[in-house]
Amino acid sequence: MPKYIDEVDAVLHALADPTRRAVVERLAKSPAIVSDLAAPFSMALPSLMQHLSILENAGVITSEKHGRVRTVSLRPGALDVLHLWLGEQRTPAEHRADRLGIHLALTPPKDT
């Protein structure tokens, strides 16, 4: 098992929720203040803060507080661990698909 599997688990858990995925999609465009992130959701601010905490604990986002304003940013490279893990998983599946394609191409059609 890869050494980084705990990171993969944390990121996948963080992204399992549609609200958190929407936050990540929004932050992919640019950093935002918490009140702007909260605007599209019909939830109390403390609930959104719990979502942000999960994302931050997983290393997906970072936040800075300046006075009373908290700015949240997507952490550069935060999703790279998923890209690496998915690449490792894709290779065996692609090989099986390639072998199936070769088998189907070499198998003569049956007369019916």
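Buried means under 20% relative accessible area, exposed means over 50%, and partly exposed lies in between. The exercises below use these terms for a predicted model.

**Exercise 1. Which residues does the face of helix H4 turned away from its buried side carry, and which residues of H4 are buried?**

Solution.
- Step 1. Locate the helix: H4 covers residues 45-57. It has 13 residues and reaches 18 Å from its first C-alpha to its last, close to the 18 Å expected at 1.5 Å a residue.
- Step 2. List the buried residues of H4, which are Leu48, His51, Leu52 and Leu55.
- Step 3. Look down the axis of H4: the buried residues fall within an arc of 100°, so they line one face of the helix.
- Step 4. Turn to the face away from that buried side, where the exposed residues Pro46, Gln50 and Asn57 are carried.
- Step 5. Find what the buried residues of H4 pack against: H1, H2, H3, S2 and S3.
- Step 6. Go just past the end of H4, where Gly59 takes a positive phi of about 85°.

**Exercise 2. Is His51 buried or exposed, and which residues does His51 touch?**

Solution.
- Step 1. Place the residue: His51 lies in helix H4.
- Step 2. Compare its relative accessible area, 14%, with the cut-off for buried, under 20%. His51 is therefore buried.
- Step 3. Leave out residues up to four places away in sequence; His51 then touches Asp17, Thr19, Arg20 and Met43.

**Exercise 3. In what order do the strands of the open sheet stand, and which strands are at the edges?**

Solution.
- Step 1. Read the order of the three strands, which is S1-S3-S2, with antiparallel pairing.
- Step 2. Strand S1 (32-33) and strand S2 (61-66) each have a single partner strand, so one side of each has no neighbour in the sheet and both stand at the edges.
- Step 3. Take the pairing of S2 with strand S3 (residues 69-74): six bridges join these antiparallel strands. Thr62 has Ser73 as its bridge partner in S3, and Ile61 has Leu74.
- Step 4. Take the pairing of S1 with S3, also antiparallel, where two bridges join the strands. Here Ile33 is bridged to Thr71 in S3.
- Step 5. Follow the chain from S2 to S3: the two strands form a hairpin with two residues between them, and Gly67 in the turn has a positive phi of about 65°.

**Exercise 4. Which strands does helix H2 lie across, and which strands does helix H4 touch?**

Solution.
- Step 1. Start with H2 (residues 18-29), which lies across S1, S2 and S3 and runs at about 90° to S3.
- Step 2. Continue with H4, which packs on the sheet and touches S2 and S3. The direction of H4 makes about 120° with that of S2.

**Exercise 5. Which residues touch the most other members of the largest nonpolar core, and which element gives the largest share of this core?**

Solution.
- Step 1. The core has 22 residues, and Leu37, Leu52 and Leu55 touch the most other members.
- Step 2. Helix H1 (5-15), H2, helix H3 (34-38), H4 and helix H5 (80-106) are the elements that give two or more residues to the core.
- Step 3. H1 provides the largest share, five residues.
- Step 4. Check the surroundings of Leu37. Neighbours within four places in sequence aside, its contacts are Val23, Arg26, Leu27, Ala32, Leu48, Leu52 and Val72.

**Exercise 6. Which residues of H1 are buried, and which residues is Ala14 in contact with?**

Solution.
- Step 1. The buried residues of H1 are Ile5, Val8, Val11, Ala14 and Leu15. They pack against H2, H4 and H5.
- Step 2. Pick Ala14, found in helix H1. Its relative accessible area is 0%, so Ala14 counts as buried.
- Step 3. Setting aside neighbours within four places in sequence, Ala14 is in contact with Arg20, Ile54, Leu55 and Ala58.
- Step 4. Consider Gly59 as well: Ala14 and Gly59 are 45 residues apart in sequence and 9.3 Å apart in space, C-alpha to C-alpha.

**Exercise 7. How does Leu86 count at 41% relative accessibility, and what distance separates the C-alpha atoms of Leu86 and Val8?**

Solution.
- Step 1. Place Leu86 in helix H5.
- Step 2. The value of 41% makes Leu86 partly exposed, a class that lies between under 20% and over 50%.
- Step 3. Leu86 and Val8 are 78 residues apart along the chain, and their C-alpha atoms are separated by 9.8 Å.

How values were computed
Residues numbered from 1 in each chain as written. Predicted model: local features only at pLDDT ≥ 70, side-chain atom pairs only at ≥ 80, totals over all residues. Heavy atoms only, no water. Pairing = 2+ DSSP bridges. Helix = DSSP H or I, 4+ residues; strand = E, 2+ residues; numbered from the N terminus. Contact = heavy atoms within 4.5 Å. Axes fitted to C-alpha atoms, helices over the stretch in contact; angles between N-to-C directions. Core = buried A, V, L, I, M, F, W, Y, C linked by side-chain atoms within 4.5 Å. Buried < 20%, exposed > 50% of the residue type's maximum accessible area, 1.4 Å probe, protein only. Expected span 1.5 Å × (residues − 1). Arc of directions from axis to C-beta.
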